[in-house]
Amino acid sequence: MTMTDLQTALAEQNYVASDDLAVALQLALSLGRPLLLEGAAGVGKTEVARTLAASQNTKLIRLQCYEGLDAAQAIYEWNYQRQLLAIRAASESGETGAAVEARIFSREYLLERPLLQAITQDAPPVLLIDEIDRADEEFEAFLLEMLAEFQITVPELGTIEATSKPIVILTSNGTRDLSDALRRRCLFAYLDYPDHQTELAILMARCAEIEERLASQIISFVQTLRKEDLEKTPGIAETLDFAAALMGLGVADLTDDPAVLHNTLATLLKTQNDRAQITTEVSQRIAGKAA
Amino acid sequence: MSRVTKFAGRDPGPLARMSGFIAHLRDNGLRLGVRETELALEALTHVPAAEPELARAALKCVCAGTKDEAQQFDALFDAFWMDKGRVRQKITPKIQPKTQQDVHSSRDGDGADTAGGAGQTTAPAGGDGEADMDGEGKLVATEMRNLARRDLRDLVRPEDIAQAEEVARRLGAALRDRRSRRRIAARRGDRLHFRKTIRRSLATGGEPLTLFRKKRPDRDRKLVALCDVSGSMSVYAQVFLAFLSGLMRCDPTSDAYIFHTRLVRITDALRDKDPIRAVGRMSLMADGFGGGSKIGASLGQFADTYARRFVDGRSVVLILSDGYDTSAPAEVAAALAKLRKRGCRIIWLNPLKGWKDYQPIAAGMAAALTHLDLFQAANTLNDLAALESELARL
């Protein structure tokens with residue numbers, strides 16, 4: 001698959017990918033390497049994986065990382081309740097110990113968590129490891145091992161080999177530095193806020209029924225807003241919400257009604273300080289420029 | 001394409017060009033190995049490599065590993081491949097042995113000062129380190145610093161070290177990390193250890209007679225201390241240096257640095273078995289002691305080099321400085337922000353804070369405040385000992 005094919009396939013799923021990203025994705029597919037995506041919140045990192053899975057017609061398996069994520073949540077866990085029940089039932093029916101043990105430590109009693117699921121599919125799925133920077137370093141180290149070997153060892157059961165190599169996409173918001181070892185094993189792409197053209201294309205793809213003039217105004221407005229000194233810069237998701245809100249309220253032009261515009265800013269500005277900083281006057285000034 | 005670099009006729013081919021390019025990136029600070037060269041070549045077979053922009057994108061996602069590197073990459077790519085049609089004569093640069101300061105070897109005694117890539121002028125103590133100097137300009141600056149040499153042995157007495165060792169040990173104990181993720185089997189745990197309980201219950205016919213428990217274990221935190229030894233700090237240096245040597249002696253995972261206008265790693269020197277000889281080795285490294293200070297530059301250098309290797313989420317970075325700085329305050333803030341991103345805790349102990357009516361108005365100090373987890377006064381060993389309860393709360 002060439003990079004243009006991939007770009008078209010993603011565009012069919014309403015995802016506008018830049019050339020850099022498309023090349024990175026294509027290499028990730030053809031080289032079989034994990035792809036690490038970094039960038040500010042709301043630039044569509046998670047969406048990449050979702051769209052890629054849809055365009056390749058495979059399953060998306062998602063592992064959301066958080067502080068305290070451990071093996072039991074990421075890989076597998078024994079289904080203890082079922083095991084207890086099975087032991088009870090066995091003792092009623094007078095089964096022997098060895099048979100019971102063999103039975104309750106079989107795949108049937110294993111709860112598969114995302115990582116194990118990802119390597120035991122028939123067709124290679126897209127494995128999204130979201131916000132890897134939130135997980136702790138031990139987990140990162142474990143992940144490295146899994147990404148290199150594609151096998152998981154369960155002490156009671158033996159080693160489970162991968163039946164399919166998943167397409168791995170990792171995302172990071174950069175809240176902490178990832179280890180060099182992890183970075184070296186991955187391809188890397190940095191997603192920035194899109195330029196005017198790209199963002200307009202995204203908006204048009206996502207909200208087909210929007211008028212082009214309003215769309216262009218919205219994008220100019222958001223792009224200018226991003227240059228303001230904000231605590232939380234609005235991402236693409238926020239732009240889409242903003243557009244949806246304006247359309248829902250039947251606004252045809254940003255400069256029409258200052259009060260409505262100011263109220264819809266709730267979709268773009270997510271902290272108290274940002275709200276206070278962008279007053280009605282400021283939003284009018286920006287809207288005036290955008291129009 | 002006229003913009004693309006031409007290569008000399010005797011050039012051995014695309015393989016050598018690629019390794020030349022990787023060497024070019026490596027020279028510019030990207031950390032790449034042989035595997036990346038292979039991967040880069042392989043990547044080019046998957047894109048139409050004759051199109052410079054696609055080749056650039058492909059090489060970028062292989063070679064760059066961080067946002068900064070990705071931004072730097074474009075310029076480096078242009079410099080190598082898009083040199084306005086100039087003929088590149090030598091594609092594989094001569095390999096120069098470089099001392100890499102973020103790679104630590106247990107064998108050489110000079111894990112210390114190679115600041116700014118300049119030549120070393122002081123032979124590291126107890127070492128066979130050769131003093132390689134390149135560039136006369138650097139030498140002049142070093143001579144200036146040498147004027148300010150002072151023997152730290154006058155400052156640090158053995159009984160102080162013994163006492164400091166005790167203080168450092170207690171501080172280390174207070175800094176337990178309680179955030180361990182995995183639970184381990186423990187007699188008095190907060191949760192049931194299901195796996196173990198079930199396993200053992202098989203022996204009693206599936207009846208879980210004994211319940212096993214698990215808990216989160218305490219983990220040690222790594223203490224990394226950076227001590228300012230500039231002129232304005234010399235009165236306090238005695239306490240702090242004793243503390244550093246005490247810390248090094250009691251905690252094998254800790255790490256120590258001193259800085260004035262440069263940053264010096266003194267961990268290896270301070271681990272010397274003889275405490276007094278350790279201080280002697282340290283003073284050999286610390287020439288320039290009592291001079292001016294560049295806190296911002298030193299911290300920045302630390303964040304870029306040693307911190308990448310030695311500082312992680314379990315580290316506590318202890319900065320001992322008065323915050324009087326000759327570099328721009330923004331530099332301190334930027335360095336701390338970068339350090340902060342490694343997930344560590346940052347504690348700043350400022351001897352001046354003990355003064356009545358002290359306000360952190362020195363520009364550097366004011367800029368730093370937002371990035372600190374704890375900002376405390378300390379100018380005697382007793383003050384340091386009193387920190388124990390504060391640290392336990394972190």
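**Reading a helix crossing, an interface and two sheets**

Mentor: In this predicted model, the axes of helix 2 of chain A and helix 3 (residues 52-63) of chain B come within 9 Å and cross at roughly 60°.

Trainee: How are helix 2 of chain A and helix 3 of chain B placed: parallel, perpendicular or oblique to each other?

Mentor: Angles of 65 to 115 degrees count as roughly perpendicular and those under 35 degrees as roughly parallel. The crossing here is at roughly 60°, so helix 2 of chain A and helix 3 of chain B are oblique to each other. Helix 2 of chain A passes helix 3 of chain B in a right-handed crossing.

Trainee: Which residues meet where helix 2 of chain A touches helix 3 of chain B?

Mentor: From helix 2 of chain A come A:Asp19, A:Asp20, A:Val23, A:Ala24 and A:Leu27; they meet B:Glu53, B:Leu54, B:Ala57, B:Ala58, B:Lys60 and B:Cys61 in helix 3 of chain B. By class, this contact has 7 nonpolar and 4 charged residues, with no polar ones.

Trainee: How many residues does each chain give to the contact as a whole?

Mentor: The size of an interface is often given as the accessible area lost when the parts come together. Here a residue count serves: 34 residues from chain A and 29 residues from chain B. Helix 2 of chain A gives the largest share of the chain A side, 8 residues. That side divides into 14 nonpolar, 6 polar and 14 charged residues.

Trainee: Turning to sheets, what is the strand order in the sheet of 3 strands in chain B?

Mentor: This open sheet has the order 4-6-5, with antiparallel pairing. Strand 4 (184-185) and strand 5 (191-192) of chain B each have a single partner strand, so one side of each is left without a neighbour in the sheet. Strand 4 is joined to strand 6 (residues 213-215) of chain B by 2 bridges, and B:Ala185 stands opposite B:Lys214.

Trainee: Which strands stand at the edges of the sheet with strand 10 and strand 13 in chain B?

Mentor: That open sheet has 6 strands in the order 10-9-8-11-12-13, and its pairing is mixed. Strand 10 (263-265) and strand 13 (374-377) of chain B are at the edges, each with a single partner strand. The twist averages 20° from one strand to the next. Strand 9 (residues 255-259) of chain B runs antiparallel to strand 10, with 3 bridges between them; B:Phe259 has B:Leu263 as its bridge partner.

Trainee: What does helix 11 of chain B touch?

Mentor: Helix 11 (residues 295-304) of chain B packs on the sheet and touches strand 8 (222-228), strand 9 and strand 10 of chain B. The direction of helix 11 makes about 45° with that of strand 10 of chain B.

Methods. Residues numbered from 1 in each chain as written. Chains lettered and ligands numbered in written order. Predicted model: local features only at pLDDT ≥ 70, side-chain atom pairs only at ≥ 80, totals over all residues. Pairing = 2+ DSSP bridges. Helix = DSSP H or I, 4+ residues; strand = E, 2+ residues; numbered from the N terminus. Contact = placed C-beta atoms within 7 Å. Nonpolar A, V, L, I, M, F, W, Y, C, P; charged D, E, K, R; others polar. Axes fitted to C-alpha atoms, helices over the stretch in contact; angles between N-to-C directions. Parallel < 35°, antiparallel > 145°, perpendicular 65-115°, else oblique. Left-handed = near helix turned anticlockwise from the far one by under 90°.
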